[in-house]
Amino acid sequence: KLYEDVADLPRLEYDYVVVGGGTAGNVVANRLTENPDVSVLVLEAGVSNEGVLVSEVPFLGIDLLAPTGPYSWNYTTTPQKGLNGRAISYARAYLLGGCSSHNDMVYTRGAQDDFDRYAKLTGDEGWSWNQIFPYFLKNEKWTPPADQHDTRGQFNPGIHGTAGPISVSLSGFQWPDFQRRIIQTTEELPDDFPFNLDMNSGQPLGVGWVQSTIGHGERSSSATGYLAPDFIQRPNLDVLLHAHVSKLVNVTQHQGKPSFGGVQFRSGASLFVAEASKEIILSAGSIGTPQILLNSGVGDHNTLHALGIPTVLDLPSVGQNASDHTYFGLTWAVNSNDTIESITQNATRFNAASEQWNTSRTGPFVFAQAGTHAGWLRLSQNSPVFDIHPDPSPGPGAPHFELLRPTPSVVSLFILLPVSRIHFSQGGSVTISSGDPFANPLINPGYLASEFDAIALREGVKLAQKFFSASAWHGYLGAPTINLAAMNATEQMATLRANVDMSPRDATYGVVNPDLTVKGIAGLRVIDASVLPIVPGAHTQAATYVVAERGADLVKQLWT
Ligand SMILES: Cc1cc2nc3c(=O)[nH]c(=O)nc-3n(C[C@H](O)[C@H](O)[C@H](O)COP(=O)(O)OP(=O)(O)OC[C@H]3O[C@@H](n4cnc5c(N)ncnc54)[C@H](O)[C@@H]3O)c2cc1C
C-alpha cells in the first residue's frame with residue numbers, strides 16, 4: 001500500500017527496507033514481494049507520481065527536466081574544471097519512480113561490449129551481455145505505438161520482451177518530412193551514418209529509430225509499472241512517501257562484520273527508525289546512495305573523521321569514480337512549419353493536442369521530445385586522439401558518442417556523449433562536506449575532466465555538422481543559431497553512476513561485491529545505477545532496470 005503519512009504505516013519492522021522508490025528500488029520491492037511471506041518497506045523522500053501531468057504526458061516531460069522545482073532535488077554541481085570553473089544545476093527526480101518518472105524516456109540498453117566489460121571488471125559472468133539479456137526481456141513489454149503505424153523496418157521484434165512491467169514503444173506521433181530526411185541521410189552517407197534496424201540488439205552503432213519507455217501514449221516508469229495497482233495492493237508491500245533517509249543506525253556485529261539494523265528517516269519534523277530483519281537495500285541512486293553510506297560512517301575514514309562522523313567501516317571508494325555523459329547542443333534554424341514550436345508556441349494547437357491526448361491518448365502529446373532517431377557513433381580508428389590516449393570504449397561494437405535529439409524544431413539539437421572513463425583516478429565524485437545528513441552533498445560529475453572527452457566532443461561536433469551537410473537537408477536546414485566559438489560547452493546529461501562500484505569479491509577497491517552486497521558489512525546491499533563500474537555507452541535506465549532485476553534475484557537466492 002502507498003502511504004503519505006508515517007502515522008498510517010502499520011509497523012516499522014520489515015524483512016527488507018528499500019531506501020529509495022526510484023527506478024531500481026521499485027523493481028526490487030516488486031520482485032521480493034512476489035513471495036507473500038516476505039515483507040518490504042520502501043522509503044521514498046519525494047512525492048507521489050500520481051496525477052503529475054508533466055510526468056504522464058510524454059510531450060510535456062521536457063518541462064520536468066528543469067533542475068529545480070517541486071519534482072527535483074534542486075542540486076548544483078561543484079565548479080567543474082573542464083567547464084572553466086562553472087557549476088551547473090543538476091536535475092535528480094524527487095518523486096516516486098525516481099528518474100524513470102522524469103527522464104527523457106529514451107530506451108537504450110547499451111552495447112554487448114559494455115556488459116562484457118562489466119563481467120570482466122567484476123569477475124562475474126552473470127553481468128555479461130548474454131547472461132543479462134533475459135533480464136532486459138523480463139523488464140520490457142513491447143507495445144504498439146499510439147498511432148498504430150506500420151513499424152516494419154523500424155525495429156527488430158525478435159529481441160524485445162512482451163510481458164514485463166515497462167512499456168517500450170516507437171514514437172506514436174510522426175514528423176514524416178523530417179524523418180524521411182534522416183533515413184535519406186543514412187542512405188547518402190552510409191559509411192559515417194549507417195542505418196541500424198535496432199540499437200538495442202547489443203550492437204548499437206549506426207542511426208536508428210528511437211524507442212521510448214512509453215505505452216498507450218503515457219510514460220511508463222518504475223512507479224506505473226512495478227507499483228501498478230496489482231502490485232501496490234499486495235499486503236506485504238508498503239511504500240512510504242515524504243520519508244527522507246538520513247543514515248543507517250543500530251550497528252551490531254554479525255559474524256565479525258558490522259551490521260546495521262535500522263534506517264533512520266525524517267518524516268515531517270520528526271525522526272523515525274525502520275528496522276530490517278533480513279537486509280537493508282540502498283536504491284537511492286548515484287547521489288543518495290553514497291551520501292547515505294557516508295552519513296552512516298561507511299566511507300573514507302579521513303573524510304568522516306574531519307566531519308565528526310564515527311567510522312563504521314573505512315571504505316575509501318564510496319562516492320569516488322563517478323562519471324556522467326556530457327551534453328552539448330548544436331542548433332540550426334529550419335525552413336518548415338511542421339515543428340515542435342508550431343505546437344508549443346501556438347495556444348490553439350497546444351490546447352487541441354492536449355484535448356486529443358485527454359480523450360484518446362494520441363496526437364502530438366504522445367511524442368517525447370527526445371527525438372525521432374539517435375545515432376551511436378565511433379571515432380575513426382585512425383583518429384590522432386588514440387596517439388595520446390588509449391581507446392576508453394569497451395570494444396569495437398560500442399560507441400564513443402551519441403547524436404541524439406534530432407527533432408523537427410526551430411532548432412535541431414544534438415547531444416554528444418563522450419564515454420571515456422577508463423581508470424578510477426579519472427572519475428568525478430559524490431561526497432559530503434557536513435555532518436548534517438540532510439545537507440546537500442558535493443556533486444562532481446567530472447565533466448570534460450579528461451583530454452579525451454574534450455577531443456571526442458570536438459570530433460562529435462564535426463560529425464554532427466557532417467550529418468546535416470547531406471543533400472537530404474538542402475532547402476530545409478537554415479543557418480546554425482549558435483556561435484560555436486562563443487559557446488560555453490556542455491550541460492548536464494545526468495546519467496551519473498559508478499560511485500559505489502562493483503568490483504571482484506577479493507578486490508581492495510570498490511564498494512560492492514558482484515552480488516551487490518557492501519564489502520565488509522553484513523545485511524546491506526546497493527541496488528541502483530551507482531554500482532555499474534563504468535558508465536555504459538547508452539542512456540542508463542535500461543541498464544538500471546537489469547541491475548535491479550538481477551539484484552532482486554541475488555537477494556532471493558541468498559534467502560531461499
Ligand atoms: C534529467 C535526466 C534525464 C534522463 N534521461 C534518460 C533517458 O531518456 N533515458 C535513460 O535511459 N536514462 C535517462 N536518465 C538516466 C536514468 O533515468 C537513471 O540513470 C536511472 O533512472 C537511475 O536509477 P536509480 O534507481 O539509480 O536512481 P533514481 O531513479 O534516481 O532513484 C533514486 C530514488 O531514491 C530517492 N532518494 C534519494 N535519496 C533519498 C533519501 N535520502 N531518502 C529517501 N529517498 C531518497 C530519490 O528521490 C529517487 O526516487 C536521465 C536522468 C536524468 C536525471
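This report describes the overall form of a predicted protein model and then two of its local features.

## Overall form

The protein contains 15 helices and 26 strands. Computed along the principal axes, its C-alpha trace would be described by three lengths, and these are about 70 × 60 × 40 Å.

The radius of gyration is 23 Å, which agrees with the value near 24 Å that a compact globule of 560 residues would have.

## Burial and contacts

Of the 560 residues in the protein, 55% are buried. A residue counts as buried here if 20 or more other C-beta atoms lie within 10 Å of its own.

Contacts can also be sorted by separation along the sequence. Among those between residues at least 6 apart, 73% join residues at least 24 apart.

## Helix H12

Helix H12 covers residues 347-360 and has 14 residues. From its first C-alpha to its last, H12 reaches 20 Å, close to the 20 Å expected at 1.5 Å a residue.

Arg361 follows H12, and the phi of Arg361 is positive, near 55°.

## The hairpin of S13 and S14

Strand S13 comprises residues 244-254, and strand S14 comprises residues 257-267. The two strands run antiparallel and are joined by nine bridges. One pairing is that of Val249 with Gly262, its bridge partner in S14.

Two residues lie between the strands of this hairpin. In the hairpin, Gln255 takes a positive phi near 50°.

Technical notes. Residues are numbered from 1 along each chain as its sequence is written. This is a predicted model: local features need pLDDT of at least 70, side-chain atom pairs count only at pLDDT 80 or more; totals for chains, interfaces and linings use all residues. Helices (H or I, at least four residues) and strands (E, at least two) are DSSP runs, numbered from the N terminus. The radius of gyration is taken over C-alpha atoms; the globule rule is 2.2 Å times the number of residues to the power 0.38. A residue is buried if 20 or more other C-beta atoms lie within 10 Å of its own, exposed if 12 or fewer, and partly exposed in between; C-beta atoms are placed from the backbone. Two residues are in contact if their C-beta atoms, placed from the backbone, lie within 7 Å. The expected span of a helix is 1.5 Å times one less than its number of residues. Two strands pair if DSSP finds at least two bridges between them.
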